[in-house]
Amino acid sequence: MSSSLLRSSALRSALRATAPATCTRAGLAGATFVRGKATLPDLPYDYGALEPNISGRIMELHHKKHHQTYVTSLNNFSEQMAEAKHKDDVKSQIALQPMINFHGGGHINHSLFWENLAPTSSGGGEPPTGALASAINDSYGSLESLKEKFNAALAGIQGSGWAWLVQDTQTGSISIKTYANQDPVVGQFRPILGIDAWEHAYYLDYENRKAEYFKAVWNVVNWKAAEARLK
Amino acid sequence: MELHHSKHHQTYITNLNAALKKQAEAVHASDITTQVSLQQAIRFNAGGHINHSLFWQNLAPTSSSDAKLSAAPNLVKHIKTTWGDEDKFREAFKAALLGIQGSGWGWLVKTETGTEQRLSIVTTKDQDPPVGGEVPILGVDMWEHAYYLQYLNGKPAYVDNIWNVINWKTAEERYLGARADAFKVLKASI
């Protein structure tokens, strides 16, 4: 399956989610204030396709339950946000911002995550090439060295969160950053590759041995998808 | 429970001791930069140790008489005056627990304002411990490792069922006692 198709669909749904339209018809009871709704993107592979690195059981729960909940909640809070905007209710809009950040972030992060993973039979784990490979060598010396530093960043997250390889939109250089909870990579940095360090991402397979998950996940990283995000 | 206690809690203790050892060396060497850089590791791992120590103590097997509300007559009276009734209190606690974004804890705490004692429900993120002057009465771990193997993504069910194993006797003792009393389990373990 073409990764560009999936990429665009994931980005499109994320985009829709962050651009709620203002209400169209005031006064309609139960009017929908948000025109486009976020939807759960299909996985580009079967739930079991990343085994033994990530089990089908984890993938199914993670996609069908966790990600779906972020999508549902995002739509719910986007609707409330649109309503608050319609009413010029600034206090409610501010109160809703953390909910949009958390659930919208959860939707964006997972959409990017599914796409930057791939079964080994579809190129998962194959080292990056081209511009990304050069950028990694320039910044980290080697892919192995990047992985080591990335895994140290993952292990250092205190609580739930994500580690990302990001590109600085000002300088173009790449670096590793961690984000708390579902904070998405927005603003100055562009997401290139994300790894989920929430316990639900690995606990059923690895329990408290998260270092083993961080080591194994590189076997199913889709470096082609990561490279396509680099500008 | 076994993983949670023998692996997770143990890791916090191991990492705390390592950080404290480094801090002692940094203090000895008057190395302020290192002391400051160690603070977050100490806060996180000490918090993990404190929170879990409080948590185990405020749980009890359902069959135990300590797991009955009748073991906390004074606390329950105060809960009723604050929230109206037990159900409303549980609802409020549940809403707070389910509202945590990411890892964290929910607490019933007692604060003293002048001569008045107040109860309130607070949440702390990650392993931040309840050490701001309040008395922790009950803590509930909302990290995914606390429930995921059993409840998967169904955390409302975990929250509903936690009430079956709350140690109300411990809660009553903490409610009646001073702040230092709630933390005495830590002193005993050092």
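When I say helix or strand today, I mean a run picked out by DSSP, at least four residues for a helix and at least two for a strand, counted from the N terminus. Okay, with that settled, one thing to keep in mind: what you see up there is a predicted model.

Let's start with chain A. UniProt, in an unreviewed entry, marks residues 39-118 of chain A as "domain: Manganese/iron superoxide dismutase N-terminal". That span is 71% helix and 0% strand, and its end C-alpha atoms sit 21 Å apart. Further along, the same kind of record, again unreviewed, puts "domain: Manganese/iron superoxide dismutase C-terminal" on residues 128-229 of chain A. Here the mix is 41% helix and 23% strand, with the end C-alpha atoms 12 Å from each other.

So where do the strands go? In chain A, three strands make an open sheet, ordered β2-β1-β3, and the pairing is antiparallel. The edges are taken by β2 (174-180) and β3 (189-196) of chain A; each has a single partner strand, so one side of each has no neighbour in the sheet. From one strand to the next, the twist averages 30°. If you want to trace a pairing yourselves, take β1 of chain A, residues 161-168, which runs antiparallel to β2(A) over seven bridges. Along that pairing, look for W162(A) standing opposite Y179(A).

Before we leave chain A, two backbone oddities. Quick reminder first: most residues other than glycine have a negative phi, and most peptide bonds are trans. Now find P52(A), in the loop between α1 (3-18) and α2 (56-86) of chain A. The peptide bond running into P52(A) from E51(A) is cis, with omega near 0°. The other one is E207(A), which isn't a glycine but has a positive phi, near 50°. You'll find E207(A) in the loop between α6 (203-206) and α7 (210-216) of chain A.

On to chain B. UniProt places "domain: Manganese/iron superoxide dismutase C-terminal" at residues 74-174 of chain B, also from an unreviewed entry. That stretch is 42% helix and 27% strand, and its end C-alpha atoms are 11 Å apart.

What is the strand order in the chain B sheet? It's β2-β1-β3, an open sheet of three strands with antiparallel pairing. β2 (116-125) and β3 (135-141) of chain B are the edge strands, and each pairs with a single partner, so one side of each is left without a neighbour in the sheet. On average, neighbouring strands here are turned by 20° against each other, ignoring direction.

Let's walk along the pairings. β1(B) and β2(B) run antiparallel and are joined by 10 bridges. One place to look is W107(B), whose bridge partner in β2(B) is V122(B). These two strands form a hairpin with two residues between them, and G114(B) in the turn has a positive phi of about 60°. On the other side, β1 of chain B, residues 104-113, pairs with β3(B) over six bridges. There, V109(B) stands opposite P136(B).

The sheet also has helices against it. Helix α3 of chain B, residues 73-83, packs on it and touches β1, β2 and β3 of chain B, with its direction at about 80° to that of β2(B). Helix α7 of chain B, residues 168-176, lies across those three strands too, running at about 145° to β3(B).

Now, salt bridges. There are 14 over all chains. One of them joins R43(B) and D128(B), with the closest N and O atoms 3.1 Å apart. I like this one, since the two residues are 85 apart in the chain: R43(B) is in helix α2, and D128(B) is in the loop between β2 and β3 of chain B.

Last stop, the place where the chains meet. How many residues are in contact? 17 from chain B and 18 from chain A. Together they bury about 1800 Å², with carbon and sulfur atoms giving 54% of that. On the chain B side, Q101(B), E144(B) and Y148(B) supply 36% of the buried area, more than any other three residues. And what holds for charges? Between the two chains the count is zero salt bridges, but there are nine residue pairs in polar contact. The elements of chain B that give two or more residues to this side are α1 (2-28), α2 (32-57) and α5 (148-151).

That's my tour, thanks!

Methods: Residues are numbered from 1 along each chain as its sequence is written. Chains are lettered from A and ligands numbered from 1 in the order in which they are written. This is a predicted model: local features need pLDDT of at least 70, side-chain atom pairs count only at pLDDT 80 or more; totals for chains, interfaces and linings use all residues. Side-chain values use heavy atoms; hydrogens and water are left out. UniProt positions are given in the numbering used here, feature names are shortened, and annotations may be inferred rather than shown by experiment. Two strands pair if DSSP finds at least two bridges between them. Axes are lines fitted to C-alpha atoms, for helices over the stretch in contact, and angles run from 0 to 180 degrees between N-to-C directions. Contact means heavy atoms within 4.5 Å. Buried area is the accessible area (1.4 Å probe) that two parts lose on being put together, summed over both. A salt bridge is a side-chain nitrogen of Lys or Arg within 4 Å of a carboxyl oxygen of Asp or Glu. A polar contact is a pair of N or O atoms within 3.5 Å; within protein, one must be able to donate a hydrogen and the other to accept it, and residues adjacent in sequence count only if both atoms are side-chain atoms.
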